[in-house]
Amino acid sequence: MDRPAIPNAAERLAFVQAEIRKAALANSRKPEDVTLVAVSKTFGAEAIVPVLDAGQRVFGENRVQEAKAKWPALRERYPDIELHLIGPLQSNKAKEAVSLFDAIHTVDRPKIAETLAAEIAKQGRKPKLFIEVNTGGEEQKAGIAPDLADAFIKTCRDRYGLAIEGLMCIPPFDEPPAPHFALLQKIAKRNGLEKLSMGMSADFPSAIAFGATHVRVGSAIFGERPHP
Ligand SMILES: *Cc1c(COP(=O)(O)O)cnc(C)c1O
């Protein structure tokens, strides 16, 4: 008897792309207004190359050191790669982050905003910047508290001269994500921000319904990550 073939990474990528398209159209949005950030954390070049060969160019990593070890070599082979930092950023890694990443999704406190502003001026590189909002108010999670978000956005703009493009959130894993997506959309709207980084493998169609412009999808493309 034939067993169903296990889909490979290129097939899983095509499935995710089709789901993005479907969710966008169902919400009267243009599919090309939703960027797929393929989250390749924990996966090595042998897993990433098939996804590059299938045409994907935007990737997300959550650790500066891991990205630094993996991506420079891949970039030599695929010069048009766009790399996004989606994990927490420490001030002592800001220099490397600005030189390595094209977008940083996790600006979440004045100290990191100040350090990034200094590095951006020094290096003449301008990664796209997103502010992470801790929509669930979770103590252990990074992100600015929702009730401090307006003031922090203003501080980033006026005090540090940062061109903030949008907001990012990671809803609590044990709650329905929709209210968190709605809250992030509301904060973005009242602050004149157009980009929303939200939605992961389990919930990106719902995020698209609430206006996500960047969905961060890992396991649905690369398969399950080994648990530490
Ligand atoms: C790992 C990670 C993702 C991707 O998660 P999946 O459930 O594998 O799609 C998205 N966003 C952030 C911030 C992550 O750390």
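Biologist: What makes you say that the ligand sits in the largest pocket?

Modeller: The ligand does sit in the largest pocket. A molecule sits in a pocket if more than half of its atoms lie within 2 Å of its grid points. A pocket is an open set of points on a 1 Å grid over the protein atoms alone, with protein on both sides within 12 Å along at least five of seven lines. One caution: this is a predicted model, where local features need pLDDT of at least 70 and side-chain atom pairs pLDDT 80 or more, while totals for chains, interfaces and linings use all residues. Residues are numbered from 1 along each chain as its sequence is written, and side-chain values use heavy atoms, without hydrogens and water.

Biologist: Which residues surround the ligand?

Modeller: Among them are Val39, Lys41, Met168, Arg216 and Ser219. To count as near, a residue needs a heavy atom within 4 Å of the molecule.

Biologist: What makes the approach of lysine 41 to the ligand a polar contact?

Modeller: A polar contact with the ligand is a pair of N or O atoms within 3.5 Å. An N or O atom in the lysine 41 side chain is 2.7 Å from a ligand oxygen, so that pair passes the cut-off. The arginine 216 side chain has an N or O atom 2.9 Å from a ligand nitrogen, and a polar backbone atom of serine 219 is 2.8 Å from a ligand oxygen. Overall, the protein covers 88% of the 390 Å² of accessible area that the ligand has on its own.

Biologist: Why is the pair of phenylalanine 43 and phenylalanine 222 called stacked?

Modeller: Rings of Phe, Tyr and Trp (its six-membered ring) pair if their centres lie within 6.5 Å; planes under 30 degrees apart are stacked, over 60 edge-to-face, and the rest tilted. Here the centres are 5.3 Å apart with 20° between the planes, so "stacked" fits. Phenylalanine 43 lies in the loop between strand E1 and helix H2, and phenylalanine 222 in helix H9, so the pair ties together parts 179 residues apart in sequence.

Biologist: How do you know whether phenylalanine 43 is buried or exposed?

Modeller: Buried means under 20% relative accessible area, exposed over 50%, and partly exposed in between (1.4 Å probe, protein chains only). Phenylalanine 43 has 13%, so it counts as buried. Phenylalanine 222, at 7%, is buried too.

Biologist: And what makes arginine 77 exposed?

Modeller: Its relative accessible area is 54%, so arginine 77 passes the 50% mark. Arginine 77 is found in helix H3.

Key: Helix = DSSP H or I, 4+ residues; strand = E, 2+ residues; numbered from the N terminus. Polar contact = N/O pair within 3.5 Å; in protein donor to acceptor, adjacent residues only side chain to side chain. Areas by Shrake-Rupley, 256 points an atom, 1.4 Å probe, with all protein chains shown as cover. 1 Å grid on protein atoms, 1.4 Å probe; cavity = no way out; pocket = protein on both sides within 12 Å on 5 of 7 lines; lining within 4 Å.
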